[in-house]
Amino acid sequence: MPPSPTRGTPAARASQQIDTGHFKDAEATITTALAQPGLEPAQQQTLLFQRERMRRILLDFKLDTAAAKARLQKQIPDLTDAEFARWDAAGLLEKQVIDGRTLYFNRAPANLFRLSAEARARRKEQTPFNDGPNEVLNDHHRAIRAAAARTGSSSVLPMREEVTQTLTVRADAVPAGETLRAWLPFPREISGQQENVQLVAHVPEAFATKPSDTLQRTVYLEQTAVAGKPTVFSVTWQATLYGRDFNIDPSKVVRTSITPELKPFVEERAPHILFTEAMRAYSKKVVGNETNPYRIAQKLFAAVDTIPWAGAREYSTIPNISDYTLHAGHGDCGEQTLLLMTLLRLNGIPARWQSGWMFSDGTYNNIHDWGQVYLAPYGWVPVDVTFGRLNGDKQLEYFYLGGLDAYRVAFNDDFSQAFVPAKTFPRSETVDSQRGEVEWKGGNLYFDQWDYDFSWHRVEPSRGDATAHR
């Protein structure tokens with residue numbers, strides 16, 4: 001991971017200048033610092049990453065006001081300047097002022113329709129959002145709850161999936177003959193959640209996997225670039241996936257004794273989990289005088305669930321993701337999860353990260369982040385605040401606070417973990433590991449230089465209660 005700037009250093013000054021939109025000043029700070037004799041390698045890397053962060057921000061924020069309006073007019077042909085100005089003033093169109101230029105986030109026009117009911121109603125065509133089928137209450141949730149009740153197991157209805165992920169580097173992204181190094185995410189063995197993980201195939205043939213106890217597991221591959229041709233890496237694996245449901249009884253939950261093993265999960269972890277004054281004030285407002293750990297978690301879960309989902313800028317460009325989400329008024333799955341984790345830890349409730357990929361019986365699939373919370377006497381239980389409360393059945397409303405659908409695979413049990421073998425250059429995604437990573441001797445290849453995809457099929461259908469995990 002790129003080192004965080006140390007307070008008082010040129011890198012910290014450059015970082016502050018970037019965050020306030022003074023990119024030219026930041027570049028001058030970086031250039032001057034890099035020219036100083038005796039600069040240590042770690043200091044150089046930190047400075048260079050701040051330069052790279054500016055480049056990434058400018059890739060995410062390409063729209064001037066006219067371009068942002070033009071995007072909106074595709075769905076609202078009679079958009080008025082007054083409407084745009086009102087939504088803009090309300091903070092519903094994410095933007096930055098960079099060296100005096102107002103630039104809007106590329107996804108801000110699309111995000112507006114998730115953030116504003118007024119804007120949604122103004123669309124020429126009322127097309128539904130492409131959300132996952134398990135984000136609303138359905139028979140899969142009901143079947144998990146019923147099977148868990150019948151069997152007494154928190155892991156039920158196993159089904160086996162075969163998945164292939166491809167990572168395709170665009171033709172001539174690097175000179176012909178150069179070696180491309182790729183890291184593709186690979187499932188972890190997690191008892192009761194995903195088991196019997198097997199590597200089926202990979203391209204190219206030479207590979208290395210990180211051990212299953214590695215918290216961000218990958219398959220490492222190398223391949224030589226050929227002129228005029230894309231370079232394709234792929235990995236195919238199988239895993240048995242379980243639906244999960246602890247169906248927590250709040251009256252049985254007690255305050256957790258914080259052991260040395262649990263201590264890291266109630267602590268701050270810079271830069272994305274910090275107990276800021278704003279975070280403390282928000283927590284106090286939500287939690288009030290509640291003392292039951294489950295009820296506290298439930299209140300925080302419900303509060304973060306009210307923060308609408310919206311497409312996110314790249315995590316590597318955000319100095320503190322939980323703080324950003326608290327103030328932005330929207331967030332994607334990882335941003336919502338890190339905010340909830342921060343609030344839970346602030347209240348002495350252990351919380352940790354989990355993320356990977358989700359899929360469906362149809363064509364829907366997506367990368368996704370969620371988490372786990374430790375509630376005694378149940379232990380670690382799942383929490384997916386992005387899917388949030390399920391409306392339509394009071395008994396299943398909080399399914400995702402202690403339950404999990406089977407249509408997901410975890411690649412990661414933590415965030416911002418180093419790869420093995422190590423990456424030479426900073427990752428494209430410095431927090432998560434889902435899309436993959438690529439580099440060559442000339443540097444990291446960013447997301448605009450390659451594409452990724454998943455395909456999948458069922459190997460064995462759900463076998464019902466008879467094979468519930470115990």
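**Aromatic rings and overall fold**

At 32% relative accessibility, Y452 counts as partly exposed in this predicted model. Its partner in an aromatic pair is F454, a residue with a relative accessible area of 5%, which is buried. The two rings of Y452 and F454 meet edge-to-face, with 6.2 Å from centre to centre and 85 degrees between the planes. This counts as edge-to-face because the angle is over 60 degrees. Y452 and F454 also belong to one aromatic cluster, together with W357, F359, Y407 and W456.

Aromatic pairs occur elsewhere too, and the structure holds 19 of them. One of these pairs joins Y374 and W380, again edge-to-face, at 5.4 Å centre to centre and with 80 degrees between the planes. Here Y374 is partly exposed, with a relative accessible area of 22%, while W380 has 18% and is buried. These two values lie on either side of the 20% cut-off, so Y374 and W380 receive separate labels. A pair of aromatic rings is described by two quantities, the distance of the centres and the angle of the planes.

Rings can also have a charged group over them. The charged end of R435 sits over the ring of F447, at 3.6 Å from the ring centre. In a second case, K69 lies over the face of F84, 5.3 Å from the centre of that ring.

Turning to the backbone, the protein chain contains twelve helices and 16 strands. Strand 1, residues 95-98, pairs with strand 2, residues 101-104, in the antiparallel sense over four bridges. One of the bridge partnerships links K95 to Y104 in strand 2. The two strands make a hairpin with two residues between them, and in the turn D99 has a positive phi of about 50 degrees. In a regular strand, side chains alternate between the two faces of the sheet.

Finally, the chain can be viewed as a whole. For 470 residues, a compact globule would have a radius of gyration near 23 Å, and the protein chain agrees with its 23 Å. The C-alpha trace spans about 65 × 55 × 50 Å along its principal axes. Of the 470 residues, 54% are buried. Among contacts between residues at least 6 apart in sequence, 71% join residues at least 24 apart. On the outside, the protein chain exposes about 20,200 Å², with carbon and sulfur atoms supplying 51% of that area.

How values were computed
Residues numbered from 1 in each chain as written. Predicted model: local features only at pLDDT ≥ 70, side-chain atom pairs only at ≥ 80, totals over all residues. Heavy atoms only, no water. Phe/Tyr/Trp six-rings, centres within 6.5 Å; stacked < 30°, edge-to-face > 60°. Buried < 20%, exposed > 50% of the residue type's maximum accessible area, 1.4 Å probe, protein only. Lys NZ or Arg CZ within 6 Å of the ring centre and 35° of its normal. Pairing = 2+ DSSP bridges. Rg over C-alpha atoms; globule rule 2.2 N^0.38 Å. Contact = heavy atoms within 4.5 Å. Areas by Shrake-Rupley, 256 points an atom, 1.4 Å probe, with all protein chains shown as cover.
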